[in-house]
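Here are my notes from a look through this one, written for somebody who works at the bench. Have the structure open while you read.

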Amino acid sequence: MLCKIIPEKCIACGLCQVYAPEIFDYNDDGIVILKNDSEAHQEFVPENQQANALTAYRKCPVRAIEIVEK
């Protein structure tokens, strides 16, 4: 599973980090970044974290997260 973020859409609501703190973090402005690489806009999600990534994707009110299942 590939997780993509679109920081330009993020409204800093905090839900992604609530549901998947091992994947998502925030920059100084509260905008979503990937925890493992703050400069990246996509990463493969380990199998044991995929359920949380999907929940964060579904809960994001502005669709700043995209999931591509492979």
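The numbered points below go through the sheet, one of its strands, and then a few residues in loops and a helix.

1. First, a caveat: this is a predicted model. Please read everything below with that in mind.

2. Start with the sheet. It is an open one with three strands, in the order β4-β1-β5, and the pairing is antiparallel. The strands at the edges are β4 and β5 (65-68), each of which pairs on one side only. On average, neighbouring strands in this sheet are turned by 20° against each other, ignoring direction. As general background, strands of a sheet pair through backbone hydrogen bonds, in either a parallel or an antiparallel way.

3. Now for the β1 and β5 pairing. Strand β1 covers residues 2-5, and four bridges join it to β5, with the two running antiparallel. Two of the partners are easy to find on screen. L2 has V68 of β5 as its bridge partner, while K4 is partnered by E66 of β5.

4. Which residues of β5 are on the covered face, and which are on the uncovered one? I65 and I67 make up the covered face, whereas E66 and V68 are on the uncovered face. That fits the general rule that side chains in a regular strand alternate between the two faces of the sheet. Both β5 residues named as bridge partners in point 3, V68 and E66, belong to the uncovered face.

5. E66 deserves a paragraph to itself. This residue sits in strand β5 and has a relative accessibility of 34%. Why is E66 called partly exposed? Because 34% falls between the 20% limit for buried and the 50% limit for exposed. Apart from neighbours within four places in sequence, E66 contacts L2, C3, K4, I6 and Y57. K4 in that list is also the bridge partner of E66. As for E8, this residue and E66 are 58 residues apart in sequence, and their C-alpha atoms are 13 Å apart in space.

6. Next, Q49, which you will find in the loop between β4 (42-44) and α2 (50-59). Is Q49 buried or exposed? Its relative accessibility is 18%, so Q49 counts as buried, the limit being under 20%. With neighbours within four places in sequence left aside, Q49 is in contact with E22 and I23.

7. Two loop residues have backbone angles to check. A12, in the loop between β1 and α1, has a phi near 60°, which is positive although the residue is not glycine. R63, in the loop between α2 and β5, also has a positive phi without being glycine, in this case near 55°. In general, most residues other than glycine have a negative phi. A12 is partly exposed at 36% relative accessible area, and R63 is partly exposed at 38%.

8. Last, the surface. L15, V18 and Y19 form a nonpolar patch there, and together they have about 240 Å² of accessible area. L15 belongs to helix α1, residues 15-19. With a relative accessible area of 30%, L15 is partly exposed.

Definitions and conventions:
Residues numbered from 1 in each chain as written. Predicted model: local features only at pLDDT ≥ 70, side-chain atom pairs only at ≥ 80, totals over all residues. Heavy atoms only, no water. Buried < 20%, exposed > 50% of the residue type's maximum accessible area, 1.4 Å probe, protein only. Contact = heavy atoms within 4.5 Å. Pairing = 2+ DSSP bridges. Axes fitted to C-alpha atoms, helices over the stretch in contact; angles between N-to-C directions. Patch = residues over 30% accessible without salt bridge, like charges linked within 9 Å, V, L, I, M, F, W, Y side chains within 5 Å. Areas by Shrake-Rupley, 256 points an atom, 1.4 Å probe, with all protein chains shown as cover. Salt bridge = Lys/Arg side-chain N within 4 Å of Asp/Glu carboxyl O.
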